[in-house]
Amino acid sequence: MNGKRWKRSKTVGYNIGYHFIWCPKYRRKVLVGEVAERLKELLLEKAEKIEVEIAQMEIMPDHLHLFVKTVPTNSPHFIVQQLKGHTSRVLREEFPFLKSRLPSLWTRSYYVESVGHISEETIRKYIEDQKGK
């Protein structure tokens, strides 16, 4: 990011972040070596195209973690769909052994949590305090 906590467009100020986790099918330990390196490249390339900034990425042999910042028009499901679909297609083309070991590269599931600077408790208190104003 640009050092600020939030970004602006013409009509909105925002700070939207998500923590994603997903795994290869059967939690196979295939995200190593050249596959892991290429996966990083592909994720960064695709993220840029869909207006997503990958603020932090960790690729483990059997799962990956992404912390992303995005624009308000990108839903979490759209982000995951784009990243998983693109990386699966390219990695399976470039590394044929992935096709023989897995019917598809990724599981259909994923974990997502919204991440913000202000806690849920703070927001609830702020909204409650608006009654008296």
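**Salt bridges up close**

Glu-45 is partly exposed, with a relative accessible area of 41%; that label covers anything between buried (under 20% relative accessible area) and exposed (over 50%), using a 1.4 Å probe and protein chains only. This is a predicted model, where local features need pLDDT of at least 70 and side-chain atom pairs count only at pLDDT 80 or more, while totals for chains, interfaces and linings use all residues. Residues are numbered from 1 along each chain as its sequence is written, and side-chain values use heavy atoms, with hydrogens and water left out.

**View A. Glu-45 pairs up with Arg-38.** The two form a salt bridge, meaning a side-chain nitrogen of Lys or Arg within 4 Å of a carboxyl oxygen of Asp or Glu. Here the closest N and O atoms are 4.0 Å apart. Searching the whole structure turns up seven salt bridges.

**View B. Lys-40 meets Glu-37 in helix α1.** Their side chains make a salt bridge at 4.0 Å, N to O. They sit three residues apart in α1 (residues 33-49), so about one helical turn separates them. Helices like this are DSSP runs (H or I, at least four residues), numbered from the N terminus. Lys-40 is partly exposed at 31%, and Glu-37 is partly exposed too, at 46%.

**View C. Lys-125 and Asp-129 share helix α4.** Four residues, about one turn, lie between their positions in this helix (residues 120-129). Their salt bridge has its closest N and O atoms 3.1 Å apart. Lys-125 counts as exposed at 52%, whereas Asp-129 is partly exposed at 38%.

**View D. Arg-38, Glu-41, Glu-45 and Glu-94 form one network.** Salt bridges with shared partners join these residues.

Terms used: Helix = DSSP H or I, 4+ residues; strand = E, 2+ residues; numbered from the N terminus.
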